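User: I am new to this structure and would be grateful for a close look at a single part of it. Please begin with one pairing of charged side chains and then set that pairing in its surroundings.

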Amino acid sequence: MQSNANIYTNVEDSPTAEKESWLSILSQTVKVGIIKSNLIPMLAGLTLALYTYHYSLLPKLPNIILAFIGSALVIGAACAYNNLYDRDIDAVMERTKNRPTVTGAIKPATVMWLAIIMTIVGLGALYFASPLSSLMGFLGMFFYVVPYTMWTKRRTIYNTEVGSISGAIPTLIGWTAIKPDLSHPAIWGLFFIMLIWQMPHFYAIALRKYDEYKAANVPMLPVVKGMKRTYLQTNIYLVLLIASSFLMAPLSWGLTIVALILGVIWLILSLRIYNKADTKKWAKTLFIFSLIHMTALFSTVIVYSLIGMFL
């Protein structure tokens with residue numbers, strides 16, 4: 001009799017490998033990377049609400065857990081709907097042509113049922129945190145699937161602006177899971193910073209993947225209007241990003257200054273590098289700094305809020 005170590009002549013035939021394969025398929029279908037990146041602003045909104053209203057961590061622990069579970073499921077559901085609808089253009093683009101929804105590794109009906117179940121469970125979890133948080137989760141998913149994916153993505157250069165609404169809503173989900181009240185200016189400061197941040201971030205991606213978007217007929221700003229318009233519009237949004245920093249002032253001048261400095265650095269990079277580098281290098285530099293900006297700002301908000309809770 002063979003030993004257990006030699007039962008499978010090919011590692012791909014083992015149950016472990018099969019499990020990993022399905023985990024990989026599911027991970028790509030619900031876009032785990034996007035879920036993770038969107039949980040950061042959600043956590044920022046959540047911790048900011050804890051700090052603003054002087055809540056203790058332990059009594060709000062159920063809300064925190066529900067916010068994480070609900071947000072992850074709703075974001076994953078939105079991504080699954082997006083993958084299902086965009087199979088035709090994903091097949092054309094190099095970076096998306098191997099998605100399971102394109103290759104047939106997962107059936108469309110399976111994706112649809114997965115998305116529906118995640119939607120129901122996710123919105124339900126957020127509802128138990130607070131009904132307003134569940135409403136925010138629904139709005140975020142709705143804006144991503146209908147106005148963005150199904151309407152503007154293939155029709156207008158303003159698809160990025162429309163899509164940015166859903167990208168900024170996780171801040172509101174986190175805040176309302178703790179405090180179902182959106183009257184405080186600090187959360188709108190966080191929301192508008194996240195909203196505006198996405199335009200220069202995605203313009204940079206569109207420039208880096210110019211050929212792919214052009215081949216797929218997706219009307220991204222650089223593809224339709226060219227580099228000069230993209231450069232001008234990027235800088236306009238960076239100025240607006242700097243201005244939105246002051247919305248944090250009613251809560252904390254420290255957070256305002258951090259947001260202000262990061263925005264100014266981003267604008268300076270854009271202005272200085274544009275005439276000294278080619279388009280791809282300019283786009284790469286702005287893309288990298290956009291990630292630094294988001295990580296630094298939201299990490300600061302989270303750490304600041306948590307420290308403030310315990311002082």
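Analyst: The part chosen is the pair Asp88 and Arg154, which form a salt bridge whose closest N and O atoms are 2.8 Å apart. A salt bridge here is a side-chain nitrogen of Lys or Arg within 4 Å of a carboxyl oxygen of Asp or Glu. Asp88 lies in helix H4 (residues 87–90) and Arg154 in the loop between helix H7 (131–152) and helix H8 (159–178), so the pair ties together parts that are 66 residues apart in sequence. Helices (H or I, at least four residues) and strands (E, at least two) are DSSP runs, numbered from the N terminus.

Before going further, the basis of the description should be stated. This is a predicted model, in which local features need pLDDT of at least 70 and side-chain atom pairs count only at pLDDT 80 or more, while totals for chains, interfaces and linings use all residues. Residues are numbered from 1 along each chain as its sequence is written, and side-chain values use heavy atoms, with hydrogens and water left out.

How exposed are the two partners? Asp88 has a relative accessibility of 45% and therefore counts as partly exposed; Arg154, at 26%, also counts as partly exposed. The terms are set by relative accessible area: buried means under 20%, exposed over 50%, and partly exposed in between (1.4 Å probe, protein chains only). The pair also belongs to a wider arrangement, for Asp86, Asp88, Lys153 and Arg154 are linked in a network of salt bridges. In general, side chains of opposite charge can pair when their charged atoms come close.

The structure holds five salt bridges. Among them is the one between Arg99 and Asp90, with 3.1 Å from N to O, and both of these residues are buried. Another joins the side chains of Lys97 and Glu94, again with 3.1 Å from N to O. Lys97 counts as partly exposed at 33% relative accessibility, and Glu94 counts as partly exposed at 48%.

Helix H7, which precedes the loop holding Arg154, also takes part in a nonpolar surface patch. Tyr85, Leu135, Phe138, Phe142, Val146 and Met150 make up this patch of about 490 Å², and H7 gives the most to it, with five residues. One member, Phe142, is found in H7 and is partly exposed at 35% relative accessibility. Patches are made of residues with over 30% relative accessible area and no salt bridge; like charges are joined within 9 Å, and nonpolar side chains (Val, Leu, Ile, Met, Phe, Trp, Tyr) within 5 Å. Accessible areas come from the Shrake-Rupley method with a 1.4 Å probe, and for residues only the protein chains shown count as cover.

Helix H8, on the other side of that loop, contains Ala177, which is buried at 1% relative accessibility. The C-alpha atoms of Ala177 and Ala67 are separated by 6.1 Å, although these residues are 110 residues apart along the chain. A further long-range pair is Leu39 and Ile173, which are 134 residues apart along the chain and have C-alpha atoms separated by 9.9 Å. Leu39 is found in helix H2 and counts as buried at 17% relative accessibility.

The interior may be described next. The largest nonpolar core has 91 residues, of which Leu48, Met141, Leu190 and Trp282 touch the most other members. The largest share of this core, 15 residues, comes from helix H9 (residues 185–208). A nonpolar core is a set of buried Ala, Val, Leu, Ile, Met, Phe, Trp, Tyr and Cys residues joined through side-chain atoms within 4.5 Å. In soluble globular proteins, nonpolar side chains tend to be buried together.

Two backbone details complete the account. Lys31 has a positive phi of about 55° although it is not a glycine; Lys31 is found in the loop between helix H1 (15–29) and helix H2 (32–52) and counts as buried at 9% relative accessibility. Asn217 likewise has a positive phi, near 65°, in a residue other than glycine. Asn217 lies in the loop between H10 and helix H11 (221–225) and is exposed, with a relative accessible area of 65%. Most residues other than glycine have a negative phi.
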